[in-house]
Amino acid sequence: KDEHRLLHSQVQCGYTKPQTLAFRPCAVELPPMRLCTMRVSCGWEGGLRFSTSCVRNVVIKHVTIIGGGQMGAGIAQVAASTGHTVTLVDTSEDILKKSIKGIEGSLKRVVKKKFADKPEAGEEFIQKVLKNVAISSDAKAAVQSTDLVLEAIVENLKIKQDLFGALDKVAPEHTVFASNTSSLPITDIASSTARLDRFGGLHFFNPVPMMKLVEVIGTSSTSQETFDSLLNFSKALGKTPVSCKDTPGFIVNRLLVPYMMEAIRLHERGSAPLCHGSKEDIDIAMKLGAGYPMGPFELLDYVGLDTAKFIMDGWSAMDPGNPLFAQSELLNKLVAEGKYGKKTGEGFYKYK
Ligand SMILES: NC(=O)c1ccc[n+]([C@@H]2O[C@H](COP(=O)([O-])OP(=O)(O)OC[C@H]3O[C@@H](n4cnc5c(N)ncnc54)[C@H](O)[C@@H]3O)[C@@H](O)[C@H]2O)c1
């Protein structure tokens with residue numbers, strides 16, 4: 001009876017209507033319920049699945065971050081600043097040296113504010129944080145003894161799957177895997193591994209040291225222990241986590257990307273003189289009228305037009321009839337010209 005109640009309290013339903021549960025005896029031998037819980041959930045496809053996990057809550061102390069770009073370096077900085085030890089992995093030592101330089105520069109900006117009256121304490125803080133970060137260009141060696149592998153590499157399903165598939169064979173049993181993907185299904189990334197119960201999503205926001213939110217994503221196979229470990233890790237980083245289903249765009253991007261695309265379409269539709277529609281007017285309108293800190297075109301340039309296009313291409317391929325995911329000629333043209341936004345010096349606006 002108690003087990004039944006426990007199972008019931010852990011049922012999580014997604015988009016689908018409430019479902020009646022039928023419990024059957026478990027084929028696997030379970031340790032006492034205190035150590036091993038079961039989680040029943042509706043996945044992307046809405047079907048009911050049982051998953052079991054006998055790995056207890058992992059307290060994440062050592063993190064291996066794969067990908068030392070904008071996001072990976074930012075996450076490494078925050079993790080190291082909050083007392084975690086970090087190994088930052090990328091494809092070459094040169095890239096990693098740049099990542100460390102970036103982290104150092106970012107820490108200097110933090111220290112300028114936080115330790116305005118105590119510059120020596122500020123320098124001590126920087127050295128302490130940097131000491132917590134090791135670098136490696138050998139991912140397999142870097143995951144030999146780690147609590148969490150957090151991936152922040154290029155947004156490409158096959159490359160992410162290949163990486164996790166290889167690391168799954170060498171990482172310790174207890175190690176939790178997580179992806180920082182913005183748009184790919186965590187379920188698909190995890191499918192290249194045999195640790196489906198220890199796999200989830202941790203979606204950070206750019207710039208990581210400034211942005212307080214982390215979306216924690218559980219698939220239909222993620223165990224409750226793994227999900228709790230990821231939530232606790234996010235809190236230990238000083239972030240505010242929200243729980244998400246493994247659905248396209250999770251929460252923030254599911255709302256934000258269609259909004260930015262509609263701003264482009266509004267601009268495309270209204271370029272005649274005296275009509276609404278200049279990108280400057282739309283940006284001003286959303287800042288002053290909706291109270292947003294950036295207008296949609298400024299935000300698109302900041303995120304990267306290539307990234308926005310990549311997300312929209314993936315979603316429109318998945319749901320071609322959905323007008324929210326319709327292609328934009330203007331976005332396609334800018335990307336084809338290599339105008340990706342701030343990072344290339346030009347997008348909707350020009351940057352020096
Ligand atoms: N940029 C954002 O605003 C943002 C926000 C949230 C999530 N994300 C997601 O985070 C991930 C990384 O984005 P980013 O903006 O940091 O990209 P980035 O291009 O700045 O960095 C990616 C890094 O990964 C490295 N890399 C590529 N393949 C690798 C491999 N096999 N092994 C090790 N390193 C490898 C690259 O050398 C590069 O340094 C993507 O999945 C993206 O969707 C991005």
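Two strands count as paired here if DSSP finds at least two bridges between them; strands (E, at least two residues) and helices (H or I, at least four) are DSSP runs, numbered from the N terminus. By that yardstick, strand β7 (residues 176–179) pairs with β8 in the parallel sense, over 3 bridges. Everything below comes from a predicted model, in which local features need pLDDT of at least 70, side-chain atom pairs count only at pLDDT 80 or more, and totals for chains, interfaces and linings use all residues. Residue numbers start from 1 along each chain as its sequence is written.

Staying with β8 for a moment, Ala178 stands opposite Gly200 in this strand. There is another partner too: strand β9 (residues 213–218) runs antiparallel to β8 and is joined to it by 4 bridges, with Leu202 standing opposite Val216 in β9. A residue is called buried if 20 or more other C-beta atoms lie within 10 Å of its own, exposed if 12 or fewer do, and partly exposed in between, with C-beta atoms placed from the backbone. For β8 (residues 199–203), 5 of the 5 residues are buried, so the strand is largely enclosed by the rest of the structure. Phe199, Gly201 and His203 sit on one side and Gly200 and Leu202 on the other, so to speak a strand with both faces covered.

Zooming out, the protein chain has 13 helices and 10 strands. Of its 352 residues, 37% are buried. Contacts (C-beta atoms, placed from the backbone, within 7 Å) were also tallied: among those between residues at least 6 apart in sequence, 65% join residues at least 24 apart.

Now for the helices. In α3 (residues 93–114), the 22 residues should span 32 Å at 1.5 Å a residue, and the end C-alpha atoms are 31 Å apart, which agrees; the expected span is 1.5 Å times one less than the number of residues. Buried in α3 are Leu96, Ser99, Ile103 and Leu107. Viewed down the axis of α3, the buried residues fall within an arc of 70°, so they line one face of the helix; the arc is that of the directions from the helix axis to the C-beta atoms. They pack against α2, β4 (85–89), α4 (119–131) and β5 (133–136). On the face turned away from the buried side, α3 carries exposed residues, including Asp94, Lys101 and Arg109.

Helix α4 is also home to Gln127, which counts as exposed, with 11 C-beta neighbours inside 10 Å. Gln127 and Leu107 are 20 residues apart in sequence and 9.8 Å apart in space, C-alpha to C-alpha.

Helix α12 (residues 305–318) gets a similar look. Its 14 residues should span 20 Å at 1.5 Å a residue, and its end C-alpha atoms are 20 Å apart, which agrees. Leu305, Ala308, Lys309, Ile311, Met312 and Trp315 are buried in α12. Down the axis of α12, these fall within an arc of 165°, so they line one face of the helix. They pack against α9 (252–269), α11 (296–303) and α13 (329–336), while Ala317 and Met318 are exposed on the face turned away.

Last comes the ligand. It is surrounded by 24 residues, the closest being Gly67, Gly69, Met71, Ser182 and Asn206. Two elements, α2 (70–81) and α6 (157–168), give two or more residues to this shell.

Terms used
Near = placed C-beta within 6 Å. Contact = placed C-beta atoms within 7 Å.
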